[in-house]
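Please load the model in the viewer, with the ligand displayed. The tour begins at the ligand and then turns to the sheet.

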Amino acid sequence: MSRLVALTNRMQKTDKIFVAGHNGMVGSAITRALQSAGFSNLLKRSRAELDLADSRAVSDFFRKEKPHIVIFAAAKVGGIKANNDFPVEFLTDNLRIQTNVISSAHENGAGKLLFLGSSCIYPKYAPQPIPETALLTGPLEPTNDAYAIAKIAGVKLCQAYHREYGANFISAMPTNLYGPNDNFDLETSHVLAALLRKAHEAKTKRARELMVWGTGEPRREFLHVDDCASACLFLLEKYDSPEIINVGCGEDITIRELVALICEVVGFDGELTWDTTRPDGTPRKLLDVSKLRGLGWQPRIALRDGIVRTYDWFLKNIAQ
Ligand code: GFB
């Protein structure tokens, strides 16, 4: 049997599962996936019910509930501008909540924990596609180094619990995600949600122009959050190694190509203008997903289809 695949630790449908961050884009997708797979014993706490930054509250919650499985999908996240403007909050908030949850999971006997990181943990000029072995081999992209350092600390903490106590705490590194429950705020969102909103508003206001940040040259890989959730369930069932594993679709496009695709889906045919005073960020971050594919997982939602679905969700839930 491969060292990476354990057949002994299969999840039971009755296992008590805590999805930290279940109201967020990733946590809500994982919750939907768990429910449709028949997992019925899900623990959910909104931020008002349980502040993950409050170590005592987290410790009390874990002592009382003792979840078997913990999925860490809670994080302070944002696009390039939010990361660049608020490094203190991205570093400290993420360090606090992940340390509280990971430590309490260990102290209260969780059988498995899935920590979700990000493709921005890799060096700015990592080889492309980026293998898991590129971690900590070079300097980070400055626009999101605070968030990246927090996520790297989370990975290291999970690995430390494995090394010191034998904990089955695994870490997955998703690429840029999008989908329902994404943040569509133009200042703090990621690029896909921002451009979807900008194209929609430009169309409805009959504007002639749509302003895109940067040069359009950077390349990004986009994975629909339902595919990410499916990969998370797959890893919970089949992966028991402390080594990080990339989660992506294996294909990337330029921001220029992305905005063209979004405008086509939304139906905006005006001009694009480029605000090159805005940062481009990392030039490229395409994940090497051969490890995950080798275990037998692959994505199902093609980018255009995912954008159509996300636009539909936006129209029903966000657009006025
Ligand atoms: O998704 P995004 O905000 O963050 O931006 P990153 C990706 C690219 O899109 C950059 C360009 O080159 C931006 O200049 N872009 C063009 C825009 N127009 C827009 C726009 O209207 N809004 C935004 N937001 N971007 C994030 C990290 O990096 O990736 C996070 O900051 C996280 O920490 C996430 O890791 C996965 O892809 O550059």
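**The shell around the ligand**

Helix α6 contributes 4 residues to the shell around the ligand, the largest share. Select α6 (191-204) in this predicted model, then add α3 (80-85) and β7 (209-213); each of these elements supplies at least two residues of that shell. Next, extend the selection to all 23 residues that surround the ligand, of which the closest are Ile80, Lys198, Arg220, Pro279 and Asp280. Colouring the shell by residue class gives 11 nonpolar, 8 polar and 4 charged residues.

**Backbone atoms at the ligand**

Now display backbone atoms. At aspartate 280, a backbone N or O atom lies 2.5 Å from an oxygen atom of the ligand. At proline 279, a backbone N or O atom is 2.7 Å from a ligand oxygen atom. Move then to tryptophan 213, where a polar backbone atom is 3.0 Å from a nitrogen atom of the ligand. The ligand on its own has 700 Å² of accessible area, and the protein covers 97% of this.

**The sheet**

Hide the ligand and select the open sheet of 6 strands, which has the order β2-β1-β3-β4-β5-β10 and parallel pairing. Its edge strands, β2 (42-43) and β10 (245-247), each pair on one side only. Within the sheet, select β1 (residues 17-20) and β3 (residues 69-72): these strands run parallel and are joined by 4 bridges. Isoleucine 17 has isoleucine 69 of β3 as its bridge partner.

Finally, add helix α1 (residues 25-36). This helix lies across β1, β2, β3 and β4 (112-116), and runs at about 155° to β1.

Definitions and conventions. Residues are numbered from 1 along each chain as its sequence is written. This is a predicted model: local features need pLDDT of at least 70, side-chain atom pairs count only at pLDDT 80 or more; totals for chains, interfaces and linings use all residues. Side-chain values use heavy atoms; hydrogens and water are left out. Two strands pair if DSSP finds at least two bridges between them. Contact means heavy atoms within 4.5 Å. Axes are lines fitted to C-alpha atoms, for helices over the stretch in contact, and angles run from 0 to 180 degrees between N-to-C directions. A residue is near a molecule or strand if one of its heavy atoms lies within 4 Å of it. A polar contact is a pair of N or O atoms within 3.5 Å; within protein, one must be able to donate a hydrogen and the other to accept it, and residues adjacent in sequence count only if both atoms are side-chain atoms. Accessible areas come from the Shrake-Rupley method with a 1.4 Å probe; for residues, only the protein chains shown count as cover. Ala, Val, Leu, Ile, Met, Phe, Trp, Tyr, Cys and Pro count as nonpolar, Asp, Glu, Lys and Arg as charged, and the others, Gly among them, as polar.
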